[in-house]
Amino acid sequence: YWAPLYAPKGTKRPRAADVVPLLQEAVETGVKRRLLPGVETGLYLSGGIGSTAIAAAARRLDVTLPTFTISFS
């Protein structure tokens, strides 16, 4: 149902030192797109790296989101 898209041969890969800032920028862009004026937004914390990255990006953007999590006994 899903297959990764690889860059064509000969495409330069980003340097390892550039990957983290590029990823942070991409996540922040995504967070900005979802924050609509006048719409309350919250964040479900799953315990994984994805929700953690989103929470960190919101914090860097000086946005405070209510957070939610679920646990089962």
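Guide: Let's fix one word before we start: two residues are in contact when they have heavy atoms within 4.5 Å. And keep in mind that this model is predicted.

Visitor: Got it. Let's use it on T41. Leaving aside neighbours within four places in sequence, which residues is T41 in contact with?

Guide: Four residues turn up: R34, L35, L65 and P66. That leaves out anything within four places of T41 in sequence.

Visitor: And where does T41 lie?

Guide: Look at the loop between helix 1 and strand 1, which covers 43–44. T41 lies in that loop.

Visitor: Why does T41 count as partly exposed?

Guide: Its relative accessibility is 26%. Buried means under 20% and exposed means over 50%, so T41 falls in between.

Visitor: How far apart are T41 and R15 in space?

Guide: They are 35 Å apart, C-alpha to C-alpha. In sequence, 26 residues separate them.

Visitor: Try another pair. How far apart are K12 and A53 in space?

Guide: That pair is 26 Å apart, again C-alpha to C-alpha. Along the chain they are 41 residues apart. K12 lies in the segment before helix 1. With 78% relative accessibility, K12 is exposed.

Visitor: New topic: pockets. What volume does the largest pocket have?

Guide: About 150 Å³.

Visitor: Which residues line the largest pocket?

Guide: Find V20, L23, Q24, V27, I49, A53, A56 and R60. Two elements give two or more residues each to that lining: helix 1 (16–34) and helix 2 (49–60).

Visitor: How many of the lining residues are nonpolar, polar or charged?

Guide: Six are nonpolar, one is polar and one is charged.

Visitor: R60 is in that lining. Which side chain makes a polar contact with the side chain of R60?

Guide: The side chain of E28, at 2.5 Å. E28 is found in helix 1.

Visitor: Is E28 buried or exposed?

Guide: Buried. Its relative accessible area is 17%, and the cut-off for buried is under 20%.

Visitor: What else is E28 in contact with, leaving aside neighbours within four places in sequence?

Guide: Besides R60, there are A57 and L61.

Visitor: Now the inside. Which residues make up the largest nonpolar core?

Guide: Five residues: V31, L43, A57, A58 and L65. Take V31 and skip its neighbours within four places in sequence. V31 is then in contact with I54, A57, A58 and L61.

Visitor: Over to S51. Where is S51 found?

Guide: In helix 2. S51 is buried, because its relative accessibility is 8% and buried means under 20%.

Visitor: Which backbone atom does the side chain of S51 reach?

Guide: The backbone nitrogen of S46, at 3.2 Å. Leaving aside neighbours within four places, S51 is in contact with S46 as well as L43, Y44 and L45.

Visitor: Last one: D62. What value is its phi near?

Guide: Near 60 degrees. That is a positive value in a residue other than glycine. Most residues other than glycine have a negative phi.

Visitor: Where is D62 found?

Guide: In the loop between helix 2 and strand 2, and that strand runs 67–68.

Visitor: Buried or exposed, then, for D62?

Guide: Exposed. D62 has 61% relative accessibility, and exposed means over 50%.

Methods. Residues numbered from 1 in each chain as written. Predicted model: local features only at pLDDT ≥ 70, side-chain atom pairs only at ≥ 80, totals over all residues. Heavy atoms only, no water. 1 Å grid on protein atoms, 1.4 Å probe; cavity = no way out; pocket = protein on both sides within 12 Å on 5 of 7 lines; lining within 4 Å. Points joined across faces, edges and corners; volume = space filled by probe spheres on them. Helix = DSSP H or I, 4+ residues; strand = E, 2+ residues; numbered from the N terminus. Nonpolar A, V, L, I, M, F, W, Y, C, P; charged D, E, K, R; others polar. Buried < 20%, exposed > 50% of the residue type's maximum accessible area, 1.4 Å probe, protein only. Polar contact = N/O pair within 3.5 Å; in protein donor to acceptor, adjacent residues only side chain to side chain. Core = buried A, V, L, I, M, F, W, Y, C linked by side-chain atoms within 4.5 Å.
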